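Reader: I am new to this structure and would like a close look at a single part of it. Please take one strand and its surroundings, and go through them step by step.

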Amino acid sequence: MELLLRDTFLEVNLDNIIYNMKNIKEMVGEEVAIAAVVKANGYGHGAVGVAQELMENGADYLAVATLTEALDLRRHFSDYKIFIMGFTPDKYLEHVVKNDIIQTIFSYRQAEILNDYGNRYNKIPVVHIKYDTGFNRLGFRDSKESIDEIEKISKLPNLNVEGIFSHLALTNKEEDEKQYRKLVKVIESLEERGIKFKYKHIEDSISAVDYPEFRMNMISLGQLYMV
Ligand SMILES: *Cc1c(COP(=O)(O)O)cnc(C)c1O
């Protein structure tokens, strides 16, 4: 087999990205927060290079998959809200707290660890709860025990449980709607217990366009602003 090694280059048109972001913001309106997903180095476009344009033109959060990506952004941007959508191992959660990163969690244990670091560093760590509504990747399993655990998390004194979210598998509309309804039901049962979330979200780029009715009040967009 022939080995193909050749120079390639990618031209990132920042004007397009700005235009897209502004359009998306206009489409969803002021009530819906936007997390600009810049994982995998901004889908290969260079996360740091596009982050500022995204944040200045409609995005409220920068979202990444890992702590490494989050810390890289934090070094460049001291004030932006940076949200890790993936899992961070226990032993690294201290860095999450010290660097004011918003972390996804789906266990009481991690909530407790973050709460304790919050105490130590005199901070209130911000977290989003991930609930698995059928994608079967990350998240609390759908069960009564999970609801109880989330309730326990919400009572930790040194933690801000800002959001709850899930991720659509995007298999077909029927399945997507089932996932959406499951998340709504979970949120309702938590609200019945007096637990309120500032942000509720389930949509990525494709679903944000296809299903305006599942938008809730936050969306996480990657590929959409890049096109
Ligand atoms: C990657 C990712 C997104 C963004 O996906 P796009 O299809 O690029 O919009 C949204 N949410 C989660 C949890 C992701 O991992």
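Author: A place to begin is the pairing of strand β1 (residues 33-37) with β8, which runs in the parallel sense over four bridges. One of the residues involved is Ile34, whose bridge partner in β8 is Ile219. The model is a predicted one, and what follows describes that prediction.

Strand β8 covers residues 218-221. Met218 and Ser220 point one way from this strand, while Ile219 and Leu221 point the other way. Are these four residues buried or exposed? Every one of them, Met218, Ile219, Ser220 and Leu221, is buried.

β8 also pairs with β7, again in the parallel sense, here over two bridges. Opposite Ile219 in β8 stands Glu203. Ile219 is thus a point to keep in view: Ile34 is bridged to it, and Glu203 faces it.

β7 (199-203) leads on to the largest pocket, since β7 and α2 (39-43) each supply at least two residues of its lining. The largest share of that lining comes from β7, with three residues. The volume of the largest pocket is about 400 Å³. Its lining is made up of 21 residues, and those nearest the centre are Lys39, Met85, Lys130, His167 and Asp204. By kind, the lining divides into eight nonpolar, eight polar and five charged residues.

The nonpolar cores come next. In soluble globular proteins, nonpolar side chains tend to be buried together. The largest nonpolar core here has 61 residues, and the members that touch the most others are Val38, Leu54, Leu73, Ile129, Ile153 and Tyr225. Apart from that core lies another, of twelve residues, including Ala35, Met85, Ile102 and Met218. Met218 belongs to strand β8, and Met85 is also one of the residues nearest the centre of the largest pocket.

Back in the largest core, what does Ile153 touch, leaving out residues up to four places away in sequence? Its partners are Ile105, Ser107, Tyr108, Ala111, Ile129, Phe140, Leu159 and Val161.

A last residue, Lys182, is found in helix α8 (residues 173-192). The C-alpha atoms of Lys182 and Val37 are separated by 24 Å, and the two residues are 145 places apart along the chain. Lys182 has a relative accessible area of 31%, so it counts as partly exposed. Leaving aside neighbours within four places in sequence, Lys182 is in contact with Thr133 and Asp142.

How values were computed
Residues numbered from 1 in each chain as written. Predicted model: local features only at pLDDT ≥ 70, side-chain atom pairs only at ≥ 80, totals over all residues. Heavy atoms only, no water. Buried < 20%, exposed > 50% of the residue type's maximum accessible area, 1.4 Å probe, protein only. Contact = heavy atoms within 4.5 Å. 1 Å grid on protein atoms, 1.4 Å probe; cavity = no way out; pocket = protein on both sides within 12 Å on 5 of 7 lines; lining within 4 Å. Points joined across faces, edges and corners; volume = space filled by probe spheres on them. Nonpolar A, V, L, I, M, F, W, Y, C, P; charged D, E, K, R; others polar. Core = buried A, V, L, I, M, F, W, Y, C linked by side-chain atoms within 4.5 Å. Pairing = 2+ DSSP bridges.
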